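User: I have the sequence and the model open at the bench. Take me through the fold with short questions and answers, please.

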Amino acid sequence: MMGFEDQPGRGVGKRGTANVMPQEDGRSRIMAAALEVFSTSGFEGSSLRQIADLAGVQHQLVVYHFKTKDALWRAVVASFFDQNETRFQLWLENLEATGPAAALRGMVREFVLFTARRPEFHRIATFEGRSDNDRLRWLLKTYVRPYYEISTKLIREAQATGVARRGDPGLLHYSVIGLVTTSFVFAPEYRLMTGVEPFAEEEIEKVANLVCDFLGLPGRKVSAIQPNAKRRARS
């Protein structure tokens, strides 16, 4: 699982509108275009010229900023995580203060939110996961494995205390990924088949609850103050 990220704004221009622009604006337009192209066509099905055209910049500007298609792809992948590194580190620091069930539930919720905000990451990862290559190995080592280690550790700890379903933690981890990503990654198909908007707030909450139920996690505790408050309200 992976998460802890807020969605940045997007904006892709048209060719002929970017003859003069600040370097950072040109770079951000290239990144936005590359995100869209890599997530819909994969690395092999993309080209720097295609990305430049979508960004509304000259091909030479893409080469100036990123040199190669591989470097641009890695920059796009890194952007999913680098923008939220501080939040992730704070979450790690507070991890020991909660029990395994609460910590695992919190990680599930963060992963669902991340996926709903950035389904492009999982689309890109799906393209790469089809074959063993240098990009996949770099992605796994740099970004995926740290989350995998935390996730499976929390699953084992929750199992040891009897608050999570039995099973191989690695298999449960990847089963959770399937449950979480399907409706977001394949959103057009999901909308057409179910008539439901997967990115609606209530649907995102349903996915989080579904995963927690699948893992056998207990429901969130309701404050003991609430029943008394309700009785006072009725009196």
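**Helix packing, aromatic rings and single residues**

User: Does H9 pass H11 in a left-handed or a right-handed crossing?
Analyst: Handedness follows the turn of the near helix from the far one, by less than a right angle: anticlockwise is left-handed, clockwise is right-handed. By that rule, the crossing of H9 past H11 is right-handed.

User: Which kind of model is this?
Analyst: Residues are numbered from 1 along each chain as its sequence is written, and side-chain values use heavy atoms, without hydrogens and water. Local features need pLDDT of at least 70, side-chain atom pairs count only at pLDDT 80 or more, and totals for chains, interfaces and linings use all residues, for the model is predicted.

User: How many helices are there in the protein?
Analyst: Helices (H or I, at least four residues) and strands (E, at least two) are DSSP runs, numbered from the N terminus. Strands number zero. From the N terminus on, each element is α. The helix count is twelve.

User: Are H9 and H11 roughly parallel or antiparallel to each other?
Analyst: The axes of H9 (residues 169-185) and H11 (residues 201-214) come within 10 Å and cross at roughly 160°. Axes are lines fitted to C-alpha atoms, for helices over the stretch in contact, with angles of 0 to 180 degrees between N-to-C directions. Under 35 degrees is roughly parallel, over 145 roughly antiparallel, 65 to 115 roughly perpendicular, the rest oblique. So the two helices are roughly antiparallel.

User: How many charged residues has the contact of H9 with H11?
Analyst: Contact means heavy atoms within 4.5 Å. In H9, Leu-172, Val-176 and Phe-184 are among the residues that meet H11, where Ile-204, Leu-210 and Phe-214 are among the partners. Ten residues of this contact are nonpolar and two polar. The charged ones (Asp, Glu, Lys and Arg) number none: there are no charged residues.

User: How does H7 lie to H9, roughly parallel or perpendicular?
Analyst: The axes of H7 (residues 119-128) and H9 come within 10 Å and cross at roughly 105°. Pro-119, His-122 and Arg-123 in H7 meet Thr-181, Phe-184 and Val-185 in H9. The angle makes H7 to H9 roughly perpendicular.

User: What is the centre-to-centre distance of Phe-81 and Tyr-143?
Analyst: Rings of Phe, Tyr and Trp (its six-membered ring) pair if their centres lie within 6.5 Å; planes under 30 degrees apart are stacked, over 60 edge-to-face, the rest tilted. The whole structure holds eleven aromatic pairs. Phe-81 and Tyr-143 form a stacked one, with 10° between the planes and a centre-to-centre distance of 4.6 Å.

User: How many residues apart in sequence are the parts that this pair ties together?
Analyst: Both Phe-81 and Tyr-143 are buried (under 20% relative accessible area; exposed is over 50%, partly exposed in between; 1.4 Å probe, protein chains only). Phe-81 lies in H4 (residues 69-82) and Tyr-143 in H8 (residues 134-160), so the parts tied together are apart in sequence by 62 residues.

User: Which residue has a positive phi although it is not a glycine?
Analyst: Most residues other than glycine have a negative phi. The residue in question sits in the loop between H3 (59-66) and H4. It is exposed, with a relative accessible area of 59%. With a phi of about 70°, the residue is Lys-67.

User: How far apart in space are Gly-26 and Ala-55, C-alpha to C-alpha?
Analyst: Gly-26 is found in H1 (residues 23-41). Gly-26 is buried, with a relative accessible area of 0%. Ala-55 is 29 residues from Gly-26 in sequence, and their C-alpha distance is 8.1 Å.
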